[in-house]
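This report describes selected features of a single structure, arranged by topic. The sequence and the coordinates are shown first.

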Amino acid sequence: QVQLVESGGGLVQAGGSLRLSCTASGSIFSSYAMGWFRQAPGKEREFAAVINWSHSDTYYADSVKGRFTISRDNAKNTVYLQMDNLKPEDTAVYYCAATIQRLSTVRLTTTPEYRYWGQGTQVTVSS
């Protein structure tokens with residue numbers, strides 16, 4: 001069992017930056033691939049980024065590629081999402097998710113592929 005708690009959301013102007021954190025407890029964090037998803041009002045939850053267990057591989061949605069960076073610190077049981085050059089269309093609730101997976105390459109981009117989810121943190125980008 002894994003518990004995930006996100007933090008770092010808030011209100012920012014377009015062009016600004018935020019860093020989200022997700023801290024895990026209850027299991028061996030280094031056994032998990034970690035992902036970030038987001039859900040805007042009235043829309044389905046969508047994939048943003050994923051990182052493998054050893055932080056040697058990452059993958060991004062086209063909509064955030066070049067602006068967002070996912071990273072992790074296994075010693076702190078934490079995964080991060082650095083978000084730069086934010087746009088109003090990035091406004092959403094951001095969720096971190098975890099699944100047991102120790103492959104070198106991760107392409108986990110759909111919600112059913114993840115077993116554990118955090119409660120979400122709101123990110124609002126004003127124009």
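## Thr121 and strand 11

Thr121 is buried, its relative accessible area being 11%. The model is a predicted one. Thr121 belongs to strand 11, and its side chain has a polar atom 3.2 Å from the backbone nitrogen of Gly9.

Strand 11, which covers residues 121-126, pairs with strand 9 in the antiparallel sense over 3 bridges. Within this part of the model, Val123 of strand 11 stands opposite Ala92.

## Strand 9 and its partners

Strand 9 also pairs with strand 4 (residues 32-39), in the antiparallel sense and over 8 bridges. Gly35 has Ala97 of strand 9 as its bridge partner. A further antiparallel pairing, over 2 bridges, links strand 9 to strand 10 (residues 116-117). Here Ala97 appears again, with Trp117 of strand 10 as its bridge partner.

How much of strand 9 is covered? Of its 9 residues, 7 are buried, and the strand is therefore described as mostly covered. As general background, the strands of a sheet pair through backbone hydrogen bonds, in either a parallel or an antiparallel manner.

## The disulfide

A search of the whole structure returns 1 disulfide. The link is between Cys22 and Cys96, whose sulfur atoms lie 1.9 Å apart; the cut-off for assigning a disulfide is 2.5 Å. The link of Cys22 and Cys96 is right-handed, with 40 degrees about the S-S bond.

Which parts of the chain does the pair tie together? Cys22 lies in strand 3 (residues 18-25) and Cys96 in strand 9 (residues 92-100), so the disulfide ties together parts that are 74 residues apart in sequence. In general terms, a disulfide is a covalent bond between the sulfur atoms of two cysteines.

Are the two cysteines buried or exposed? Cys22 has a relative accessibility of 0% and therefore counts as buried. Cys96 is likewise buried, with a relative accessible area of 0%. The cut-off behind both assignments is a relative accessible area under 20%.

## The open sheet containing strand 3

Strand 3, the strand that holds Cys22, is also part of an open sheet of 4 strands in the order 1-3-8-7, with antiparallel pairing. The edge strands of this sheet are strand 1 (3-7) and strand 7 (68-73), each of which pairs on one side only. From one strand to the next, the twist averages 15 degrees.

Strand 3 and strand 8 (residues 78-83) run antiparallel and are joined by 6 bridges. Along this pairing, Leu18 stands opposite Met83 of strand 8.

## Aromatic rings and charged side chains

The count of aromatic pairs comes to 6, where ring centres must lie within 6.5 Å for a pair to be assigned. One aromatic cluster is formed by Phe37, Phe47, Tyr59, Tyr114 and Trp117. Among these residues, Trp117 is the bridge partner of Ala97 already mentioned for strand 10.

Which arginines lie over the face of an aromatic ring? Arg45 lies over the face of Tyr95, at 3.6 Å from the ring centre. Arg102 lies over the face of Trp53, at 3.7 Å from the ring centre. The distance cut-off for such a placement is 6 Å from the ring centre.

Conventions: Residues are numbered from 1 along each chain as its sequence is written. This is a predicted model: local features need pLDDT of at least 70, side-chain atom pairs count only at pLDDT 80 or more; totals for chains, interfaces and linings use all residues. Side-chain values use heavy atoms; hydrogens and water are left out. Rings of Phe, Tyr and Trp (its six-membered ring) pair if their centres lie within 6.5 Å; planes under 30 degrees apart count as stacked, over 60 as edge-to-face and the rest as tilted. A charge sits over a ring if NZ of Lys or CZ of Arg is within 6 Å of the ring centre and within 35 degrees of the ring normal. Buried means under 20% relative accessible area, exposed over 50%, partly exposed in between (1.4 Å probe, protein chains only). Two strands pair if DSSP finds at least two bridges between them. Axes are lines fitted to C-alpha atoms, for helices over the stretch in contact, and angles run from 0 to 180 degrees between N-to-C directions. A polar contact is a pair of N or O atoms within 3.5 Å; within protein, one must be able to donate a hydrogen and the other to accept it, and residues adjacent in sequence count only if both atoms are side-chain atoms.
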